[in-house]
Amino acid sequence: MKQTHFYSSLLMALGILLIISTQISAQTGTIRGRVFNEKNNEPLPFTNLVIFGTNIGSTTDLDGNFLFTGIEPGFVRLQVSAVGFEKKVTEEFLVTNARAANIDIGMREVDLQLEEVVVEASPFQRREESPVSLRRLGISEIERSPGSNRDISRVIQSLPGVAFTPAFRNDVIIRGGGPNENRFFLDGVEIPNLNHFATQGASGGPVGIINVDFIREVEMYSSAFPANRGNALSSVFEFRQVRGDSEKMNFRGTVGASDLALTLDGPLSQNTTMIFSVRRSYLQFLFSVIGLPFLPTYNDFQFKTDTRLSDKSELTFIGIGALDQFRLNLDANETEDQRFILDYLPVNEQWNYTIGAVYRRFRDNGFDRLVISRNMLRNFSYKHPDNDESLPRTFDYESDEIENKIRYERTTEMGNYRFIYGAGGEYAKYLNDTYQEVFFEEPFVIEYDSFLELYKWNLFGQVTRSFMDDALSLSFGVRTDANNYSSNMANPLNQLSPRISASYQLRDNLTLSASTGRFFQLPSYTTLGYRDNEGVLRNRENNLTFISVDHYVAGLELLPTPQTKVTLEGFFKDYNNYPFSVVDGVPLSSKSVEFGIFGDEEVTSTSNGRAYGAELFYREQRFKNLNIILSYTFVRSEFEDTDGGYIPSSWDNRHIVNLTATRKLPRNWDIGAKWRFSGGAPFTPFDLETSQRQDAWDAQRQGYLDYSRFNENRLKSFHQLDLRIDKQYFFDNFSLMFYLDIQNAYNFQAELAPNLLRETDENGTPLPAENGEYQLKELRNSTGTVLPSIGIMFEF
């Protein structure tokens with residue numbers, strides 16, 4: 001009945017949209033911006049600009065400024081050309097009648113002799129420092145991504161090599177690496193937390209924090225990391241934000257599938273623009289209506305200001321933060337699944353923020369960048385037996401992570417050489433107050449207070465040069481990181497991180513590239529700050545070290561047309577000194593997909609592993625027509641066992657397919673579909689003998705895994721089809737946008753690892769223990785439902 005009502009309401013809504021669309025006259029928008037030399041910020045007068053795919057053009061004035069008027073609303077690109085500079089096609093951006101689109105375009109100088117060679121501009125840009133394993137997403141692909149509901153953390157799961165899980169989490173799992181192996185930067189400022197209700201010590205969570213209204217482009221490095229980006233093993237993400245409108249204040253309101261967002265942007269002064277947003281979810285209400293046993297609510301804010309101090313300097317401030325609240329829905333206890341979740345699930349709440357300032361000063365042959373930032377996470381978690389708050393807590397956890405960072409970079413061009421070098425420092429604090437009743441061979445209590453101060457520092461440099469009329473490019477970089485945690489980590493030679501990349505143009509449209517490098521990552525604060533009951537930093541006593549990985553990547557890139565790109569890459573990652581769980585006897589990374597806390601246990605830096613495979617990527621970009629992203633990744637992810645053999649890690653999905661297709665239709669309609677396939681992940685069966693013991697079960701209220709059979713079983717493969725329809729209306733002074741998003745359109749039921757529950761009587765009451773043991777049963781666990789949602793955006 002409810003489903004019938006939904007579809008009838010949906011048809012009515014679509015009918016209203018069709019009626020409105022026939023009664024709206026054509027509206028037009030404006031594009032303004034500035035073209036400059038990216039090396040020194042000098043304006044480029046008399047630069048030619050054309051709206052890509054059309055004959056509509058404009059030219060910059062003496063200050064490099066340009067203006068387009070009377071432009072049909074929608075997503076557009078600009079093709080830019082100037083004497084002595086490489087032709088460029090910009091990323092896509094949205095033109096509406098409600099506000100002017102603002103875009104600044106940096107151009108790269110080229111040798112005038114090379115410019116005589118006619119090269120057709122392409123939206124696919126290459127970077128000499130990272131000629132392999134670099135992918136980009138523009139704003140139209142982010143906004144229109146089917147199944148993502150404008151959640152940037154879900155959007156990036158459609159990139160090549162990124163695995164996904166069916167368990168409503170945004171874990172970033174790239175080329176067989178764990179969710180704890182990634183780093184995220186927002187306009188050059190590192191943001192440690194990408195998701196609400198984040199797993200402390202990793203990157204996962206159910207909903208992304210970043211507001212899509214701010215994003216203009218995303219870059220993902222899955223290898224060949226630039227030397228100025230450290231502390232990552234599997235990926236580095238660069239999120240670049242839009243600038244606020246310099247002419248007038250604008251407002252956008254968004255009602256999404258799970259939250260309400262308000263965004264304001266415009267000028268603060270003649271030289272300063274801003275953009276600010278707040279969001280609040282209504283998941284508590286929705287989850288209560290459908291009877292889920294937990295009720296989360298998230299809130300977040302985000303802001304950015306840009307100030308042009310002079311023709312040669314600019315200052316940016318950014319901020320982002322979240323408040324995540326949570327309570328158990330004790331009334332939702334009618335089914336076995338509900339009672340199981342209520343029995344073991346702790347209350348988990350957290351808040352976090354990042355604030356930062358980026359100062360850029362341009363010189364004749366380059367620029368300097370100074371980045372200062374502070375971030376903090378506070379995480380609470382607790383559990384009462386039977387959720388009875390009159391009883392003492394069996395689990396009580398509170399933790400803070402605080403980082404204060406500074407980084408200086410200088411970019412200089414000298415002839416055919418480009419240099420990037422600099423240094424960074426950081427002062428970090430970690431606090432942890434833990435009480436936990438656990439079981440390992442017998443019941444015992446973990447109870448400790450931890451306070452840790454870390455002073456970190458790093459040095460980096462990279463040099464790049466092209467040869468043979470730009471047919472060959474070489475880049476070499478080196479980095480080192482150190483801190484005062486231990487004498488081993490304080491020695492910068494122990495974390496020396498060289499990297500080299502090469503790219504050779506075999507034909508005008510065919511390039512062979514390769515890269516290799518050694519990268520280091522500091523273990524999580526939860527691992528660094530873990531203490532035993534005597535207050536000893538147990539992992540420091542165990543000589544905990546940085547984790548290292550050696551990357552080897554080679555590939556071909558083919559551009560059959562300026563709008564088509566095909567790449568084939570092979571990769572190998574060799575892990576060393578990975579933290580190894582002393583209690584469970586498994587690599588720590590394979591345990592980083594649970595909610596709550598990751599890494600707060602005794603470990604040794606003795607685990608080694610490998611991930612290897614191949615990746616085929618196809619991309620088609622046709623303006624206002626068809627946009628296709630297709631990738632297939634074969635990946636194996638394995639770690640050594642205690643006997644020196646290799647066993648699958650929890651990220652050994654083997655086969656990953658992502659296909660996204662979107663199409664622009666007349667009258668401001670857009671349609672899209674995304675189909676994803678992932679091979680089943682390994683999982684570890686339960687240790688029934690330990691789990692049924694009364695004292696063991698009462699300690700954690702769920703089953704214990706049999707790590708002697710680590711990842712012995714494997715889930716079935718799963719796949720999902722997501723659909724999306726977008727419609728935009730452009731009135732005289734405002735814009736109205738709707739979208740319909742349908743996740744899992746054919747209702748595929750994905751298999752999850754089974755749950756282990758206590759047997760119950762006919763009333764659903766768990767049976768009492770007999771002879772110190774409970775009666776247990778395994779319950780089949782699956783997930784999957786057709787999940788339609790409607791979003792509305794209003795802009796003026």
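Here are three short exercises, with worked solutions, on a predicted model.

**Exercise 1.** Find out which strands pair with β25, and in which sense.

*Solution.* Start with β24, residues 347-363, and β25, residues 366-383: these two strands pair in the antiparallel sense over 17 bridges. Two residues lie between them, and together the strands form a hairpin. To check the register, pick E349, whose bridge partner in β25 is F380. Next, move to β26, residues 395-414, which pairs with β25 over 18 bridges, also in the antiparallel sense. Here R378 is a handy marker, as it stands opposite D400 in β26.

**Exercise 2.** Decide whether L377 is buried or exposed, and list its contacts beyond four places in sequence.

*Solution.* First locate L377 in strand β25. Its relative accessible area is 5%. Buried means under 20%, so L377 counts as buried. Now look for contacts, leaving aside neighbours within four places in sequence: L377 touches N193, Q200, Q350, W351, N352, S399, D400 and E401. For a sense of distance, try N40, 337 residues away along the chain: its C-alpha atom and that of L377 are separated by 37 Å.

**Exercise 3.** Describe the second largest cavity and its lining.

*Solution.* Searching the whole structure gives five cavities of 30 Å³ or more. The second largest holds about 400 Å³ of space. It is lined by 29 residues, with E92, S140, E141, N627 and T662 the closest to its centre. Sorting the lining by class gives 10 nonpolar, nine polar and 10 charged residues. Finally, ask which element gives most: β37 provides the largest share, four residues.

Notes. Residues are numbered from 1 along each chain as its sequence is written. This is a predicted model: local features need pLDDT of at least 70, side-chain atom pairs count only at pLDDT 80 or more; totals for chains, interfaces and linings use all residues. Side-chain values use heavy atoms; hydrogens and water are left out. Two strands pair if DSSP finds at least two bridges between them. Buried means under 20% relative accessible area, exposed over 50%, partly exposed in between (1.4 Å probe, protein chains only). Contact means heavy atoms within 4.5 Å. On a 1 Å grid over the protein atoms alone, a cavity is a set of points where a 1.4 Å probe fits but cannot get out, and a pocket is an open set with protein on both sides within 12 Å along at least five of seven lines; lining residues have an atom within 4 Å of a point. Grid points are joined across faces, edges and corners, and a volume is the space filled by probe spheres set on the points. Ala, Val, Leu, Ile, Met, Phe, Trp, Tyr, Cys and Pro count as nonpolar, Asp, Glu, Lys and Arg as charged, and the others, Gly among them, as polar.
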